[in-house]
Number of protein chains: 2
Amino acid sequence: MKTVEFWFDPASTYSFLAAARMDSVAANHPGVEIVWRPFLLGPIFKAQGLDNSPFRIFPAKGKNMWRDMERQAKRLAIPLRVPDDAAMEAFPRNSLLAARTAIVALAHPWGHDFVRAVYAAQFGDWLDIADPAVIGGILQSLGQDPEAILAQAQSDAVKAQLRDNTARAQALGVFGAPSFTVGYELFWGNDRLEQALEFASEAA
Amino acid sequence: MKTVEFWFDPASTYSFLAAARMDSVAANHPGVEIVWRPFLLGPIFKAQGLDNSPFRIFPAKGKNMWRDMERQAKRLAIPLRVPDDAAMEAFPRNSLLAARTAIVALAHPWGHDFVRAVYAAQFGDWLDIADPAVIGGILQSLGQDPEAILAQAQSDAVKAQLRDNTARAQALGVFGAPSFTVGYELFWGNDRLEQALEFASEAA
């Protein structure tokens, strides 16, 4: 069975679209296993000399991204609230806690639901995913024990796992999110999800 | 009749794909008129604080771009030679002469063929499109008089037209190429060609 690694940062807008579509697109490729890999874009941007998201550094790019997200979300029937100026200023959110909690969540059957709920809270309701109360509320809505899961998310093992994920993403050439890798073959962007799965299917 | 403006820089890799696909995709939208607008990315990158193509400034992004171009060209059955290191260093080419000549060419029925031939010479054969002999050779292969067309391309009127195109692209929020605009609605990237045409069709 061929594996596609799905690299996402919980603060990444286009990763939101990819996470929303992933399970239904993957259903077309039953011979391909998808492994969800939370990682942090921050250190990867920094290594490229970028001290913020390219969507903040380059305003024209950022403006088009939000308009494009609005169009893509509408096509996919995904609730998205287009940010006002204040919300725009808060982008991108600090995604450290969400990424660590995702690592814990993805070891459980409700992991994909957790990731999608994080994106929905962030880009649908403009909640701050750096706030433990927000992440705790999502865990509770999924029938989980917020305190136990959040404690696990802050364990040394999980912290190390997230650092390893980010380092491996970078070693694979990941420079943005979402990215999809099949071995050393890298596909960048929500628009390449289908091609990544086709590539894995054909290689299988 | 609704108009889509197709903004391309002759040195832009993904504009190559869009130019190659344009006429056949446009055929699916007979109610939409496509206007080809050559412009220069250089001044637009500079205005964003970038002194070169993002594909050169960010090596991981550039490396993935070439691999992705290779995959997309294969899917579209477009000849593309993946650059060796020396060719990579020569990217992006100075596209001033090619853009000016495209402005002249696009007033003629052979204009689209000219643009496609410029991309084929550049990314298929790795010729320097800044060389008048290369552009002249393309004109000759299209049955045109190289001297007469190149003289027209260097006229004040054409120089001013290219500056105007670039200024208008920037005013419309264009930050990369290819871009497609329908009025003030901006779509960025070869992957958005279909959605731009659909948008124009629905607005018609």
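## Close-up views of a predicted two-chain model

**View 1. The surface and build of chain A.** The accessible surface of chain A comes to about 9000 Å², and carbon and sulfur atoms account for 53% of that area. Please keep in mind that this is a predicted model. Chain A is built from 11 helices and 4 strands. Its C-alpha atoms fill a box of roughly 45 × 45 × 35 Å along the principal axes. Does the radius of gyration of chain A point to a compact globule, or away from one? A compact globule of 204 residues would have a radius near 17 Å, and the 16 Å of chain A agrees with this. Of the 204 residues in chain A, 53% are buried. If we take the contacts in chain A between residues at least 6 apart in sequence, 74% of them join residues at least 24 apart.

**View 2. Chains A and B about their axis.** A turn of 180°, with a shift of 0.0 Å along the axis, lays chain A on chain B with an RMSD of 0.0 Å. The two copies are therefore related as by a two-fold rotation axis. Which C-alpha of chain A is nearest the axis? That of D191(A) is, at 3.7 Å from it. Both copies use the same surface, since 100% of the contact residues of chain A recur in chain B.

**View 3. R67(A) and its partners in chain B.** Here we zoom in on R67(A), which is found in helix α4 (residues 59-76) of chain A. Is R67(A) buried or partly exposed? Its relative accessibility is 30%, so R67(A) counts as partly exposed; the buried class would need a value under 20%. Leaving aside residues up to four places away in sequence, R67(A) touches E185(B) and F199(B). Within chain A, the C-alpha atoms of R67(A) and P83(A) are separated by 10 Å, with the two residues 16 apart along the chain.

**View 4. Helix α10 of chain B, with its two sides.** Helix α10(B) covers residues 156-171, 16 residues in total, and reaches 22 Å from its first C-alpha to its last, close to the 22 Å expected at 1.5 Å a residue. Which residues of α10(B) are buried? They are V158(B), L162(B), N165(B), T166(B) and A169(B). Seen down the axis of α10(B), these buried residues fall within an arc of 90°, so they line one face of the helix. The pattern makes sense because an α-helix has 3.6 residues a turn, so residues three or four places apart point the same way. Turned away from the buried side is a face carrying the exposed residues D156(B), A157(B), R163(B) and A171(B). The cover over the buried residues of α10(B) includes β1 (2-8), β2 (32-38), α2 (41-47), α6 (96-105) and α9 (146-153) of chain B. Just after α10(B), look for G173(B), which takes a positive phi of about 95°.

**View 5. Helix α9 of chain B and its packing.** In α9(B), the buried residues are P146(B), I149(B), L150(B) and A153(B). Down the axis of α9(B) they fall within an arc of 95°, so these residues line one face of the helix. E147(B) and A151(B) sit on the other side of α9(B), where they are exposed. What do the buried residues of α9(B) pack against? Their packing partners are α6, α8 (132-141) and α10 of chain B.

Conventions. Residues numbered from 1 in each chain as written. Chains lettered and ligands numbered in written order. Predicted model: local features only at pLDDT ≥ 70, side-chain atom pairs only at ≥ 80, totals over all residues. Heavy atoms only, no water. Least-squares fit on C-alpha atoms with pLDDT ≥ 70 in both. Contact = heavy atoms within 4.5 Å. Expected span 1.5 Å × (residues − 1). Buried < 20%, exposed > 50% of the residue type's maximum accessible area, 1.4 Å probe, protein only. Arc of directions from axis to C-beta. Rg over C-alpha atoms; globule rule 2.2 N^0.38 Å. Areas by Shrake-Rupley, 256 points an atom, 1.4 Å probe, with all protein chains shown as cover.
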